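Colleague: Got a minute to go through this one with me? I have some scattered questions.

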Amino acid sequence: MTAANDSSPQTPAAPAAGTGFDTLPLAPAVRANLTQLGYERMTPIQAASLPLTLAGKDVIAQAKTGSGKTAAFGLPLLTNLNPRRFAVQALVLCPTRELAEQVTQELRRLARAEDNVKILTLCGGATMRPQIASLAHGAHVVVGTPGRIIDHLERETLALDALNTLVLDEADRMLDMGFADDIATIAQRCPRQRQTLLFSATYPEGVAALAGKYMHEPQDVKLTERHAAGTIRQRFYEVTESERLHAVGLLLNHYRPVSTLAFCNTKQQCRDLVAVLQAQGIAALELHGDLDQRDRDQVLVQFANRSCSVLVATDVAARGLDIAQLEAVINVDITPDIEVHTHRIGRTGRAGEAGWAFSLASLDEMGRVGRIEAMQGRESEWHALSELVPTSSEPLHPPMATLQILGGRKEKIRAGDVLGALTKDLGLPGAQIGKINVNEFSTYVAVERGIADAALRGLNAGKVKGKSVKVRQL
Ligand code: AMP
């Protein structure tokens with residue numbers, strides 16, 4: 001089942017998934033084309049979003065590749081189009097070239113109902129000249145990656161004055177790849193009067209910020225099944241004070257979560273725990289109020305890009321943290337504030353994923369656990385430390401490593417430049433490259449650990465944005 005957020009009273013009721021396209025206000029030719037394509041029934045995301053998007057609303061939709069999301073934004077985009085007007089009327093921003101090409105193909109299939117709708121892909125890595133020639137010939141729809149779209153805007157080979165639909169596809173991934181500034185630049189060049197559609201697999205706070213800035217009264221479309229699937233599994237372990245810090249390592253080696261946030265009540269305990277974990281070879285970093293902004297950024301970048309397994313923090317330091325994928329939260333001790341407990345464990349099990357919440361409690365803390373039970377209205381599930389046997393002979397290593405490039409926005413480095421240097425110049429596969437964060441003076445790029453050495457050597461020997469750079473592994 002699907003549900004559209006019905007905060008707006010005019011919102012038409014969403015047809016159930018599996019309903020035919022004939023319930024939608026589509027031109028007969030479009031409907032016939034869908035039948036020809038074998039699209040008989042709407043997928044859940046289409047059923048939930050199309051009634052809104054075809055009514056001209058801005059929509060934020062939670063959808064993954066494979067869900068039928070391209071048609072979910074493609075059909076309203078094509079409906080908004082006037083093929084007799086030779087100007088770019090729709091722009092789809094994608095994080096990668098592969099996705100842009102896939103989206104273009106699907107849009108072309110959907111556009112077959114109309115004669116002469118020209119759809120153009122503009123991505124980095126391809127030569128500029130043919131793109132400029134195609135633009136000069138006139139395109140109705142442009143699908144591209146942010147960096148290359150900006151190149152064309154700067155050269156004035158692309159104009160967006162006639163745009164009526166802006167689509168941000170895989171918005172979460174675009175933010176991960178450091179495209180926030182580029183999206184801002186592009187949105188500023190689009191007319192204010194337009195329909196904006198945002199598709200994202202996950203809902204980190206960054207995506208909400210993006211929607212707040214560039215969308216007009218957006219309607220949320222989430223699939224309820226994904227929404228409800230996010231579950232937190234809580235387990236309590238009784239510890240003595242001397243076992244407490246050591247128990248964290250036992251939990252990690254048993255459950256092997258990729259990203260864990262460990263909460264301590266005091267700064268001193270944070271410091272002690274990081275020392276204990278590091279001594280066991282676990283990649284742990286501490287987040288506390290004494291860090292200056294640069295160090296804090298560096299810690300958060302490494303945790304968010306999955307090159308640090310455990311972030312150890314106090315509640316104050318962790319405030320406002322925006323991390324989408326967190327497999328586990330560990331309460332190293334029980335907080336006296338029950339609301340804080342709820343808040344702590346609520347950080348895992350997001351975006352439809354299951355998450356673990358482990359709590360270590362000494363006899364002294366049983367009163368606090370009792371209050372938590374009372375509030376949650378159920379008994380706590382207790383387990384013994386002796387169950388925590390290592391489940392792998394391999395040490396727990398994070399999947400990624402972070403390379404720091406000494407140079408950032410000040411040097412006009414963009415995420416696309418770094419991606420290009422790694423994939424095009426060094427021939428490393430794009431799939432093994434993770435988040436890219438461009439800060440003012442530094443750029444951080446996550447790469448799979450197995451290619452970290454090659455990437456480090458290659459970047460140090462090569463060039464980014466035509467210049468030699470200094471790179472180190474954090
Ligand atoms: P997407 O999530 O946009 O990448 O779409 C995944 C695949 O599903 C593509 O091959 C589409 O052609 C196909 N598809 C999208 N919507 C439908 C539908 N309503 N019925 C059948 N196939 C569809």
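**Working through the model**

Modeller: Start with Q269, which counts as buried at 13% relative accessibility. Keep in mind that this is a predicted model.

Colleague: Which element does Q269 lie in?

Modeller: Q269 is part of helix α12.

Colleague: And what does Q269 touch, not counting residues up to four places away in sequence?

Modeller: R244, L245, C264, V332 and D333. With D333 there is also a polar contact between the side chains, at 3.3 Å.

Colleague: R244 and L245 are in α11, I think. Which residues of α11 are buried?

Modeller: R244, L245, A247, V248, G249, L251, L252 and Y255.

Colleague: What do the buried residues of α11 pack against?

Modeller: Two groups of elements. The helix among them is α12 (267-279). The strands are β9 (232-238), β10 (260-263), β12 (310-313), β13 (328-331) and β14 (355-361).

Colleague: How does the span of α11 compare with what it should be?

Modeller: The helix covers residues 244-255, which is 12 residues, and at 1.5 Å a residue it should span 16 Å. The end C-alpha atoms are 17 Å apart, so the two values agree.

Colleague: What follows α11?

Modeller: R256, with a positive phi near 50°.

Colleague: Which other residues have a positive phi although they are not glycine?

Modeller: R306 is one of them, at about 70°, and K465 is another, at about 55°.

Colleague: Where do R306 and K465 lie?

Modeller: R306 is in the loop between α13 (293-304) and β12. K465 is in the loop between β19 (463-464) and β20 (467-468).

Colleague: Is R306 buried or exposed? And what about K465?

Modeller: R306 has a relative accessible area of 16%, so it is buried. K465 is at 41%, so it counts as partly exposed.

Colleague: Changing topic to the ligand. Which residues come nearest?

Modeller: There are 13 residues around the ligand, and Y39, R41, G66, G68 and T70 come nearest.

Colleague: What polar atoms lie by the nitrogen atoms of the ligand?

Modeller: A polar backbone atom of R41 is 2.8 Å from a nitrogen atom of the ligand. On the side-chain side, a polar atom of Q46 is also placed 2.8 Å from a ligand nitrogen.

Colleague: And what lies by an oxygen atom of the ligand?

Modeller: K69 does, through a backbone N or O atom at 3.3 Å.

Colleague: Where is K69?

Modeller: In helix α3, which runs over residues 69-79.

Colleague: Is K69 buried or exposed?

Modeller: The relative accessible area of K69 is 3%, so K69 is buried.

Colleague: What joins the side chain of K69 to D169?

Modeller: A polar contact of 2.9 Å.

Colleague: What else is K69 in contact with, leaving aside neighbours within four places in sequence?

Modeller: Besides D169, the list holds I45, A63, K64, L99, E170 and F199.

Colleague: How far is K69 from K435, by C-alpha atoms?

Modeller: They are separated by 23 Å, and lie 366 residues apart along the chain.

Colleague: Back to α3 itself. How many of its residues are buried?

Modeller: 10 of 11, so the helix is mostly covered, taking buried as under 20% relative accessible area. The buried residues are K69, T70, A71, A72, F73, G74, L75, P76, L77 and L78.

Colleague: Cysteines next. How many disulfides does the count come to?

Modeller: Zero.

Colleague: Why is C94 not in a bond?

Modeller: The closest cysteine sulfur, in C123, is 7.2 Å from that of C94, which is too far for a bond.

Colleague: And C270, what is its nearest cysteine sulfur?

Modeller: That of C264, at 4.2 Å, and C270 is in no disulfide. The cut-off for a disulfide is 2.5 Å between sulfur atoms.

Colleague: Are C94 and C270 buried or exposed?

Modeller: C94 is at 0% relative accessibility, so it counts as buried. C270 is at 0% too and also counts as buried.

Colleague: Last one. How is the protein divided into domains?

Modeller: Into domain 1 (2-222), domain 2 (231-387) and domain 3 (400-473). Between domain 1 and domain 2, the C-alpha centres lie 39 Å apart.

Methods. Residues numbered from 1 in each chain as written. Predicted model: local features only at pLDDT ≥ 70, side-chain atom pairs only at ≥ 80, totals over all residues. Heavy atoms only, no water. Helix = DSSP H or I, 4+ residues; strand = E, 2+ residues; numbered from the N terminus. Expected span 1.5 Å × (residues − 1). Buried < 20%, exposed > 50% of the residue type's maximum accessible area, 1.4 Å probe, protein only. Contact = heavy atoms within 4.5 Å. Domains from an automatic or database assignment. Polar contact = N/O pair within 3.5 Å; in protein donor to acceptor, adjacent residues only side chain to side chain. Near = heavy atom within 4 Å.
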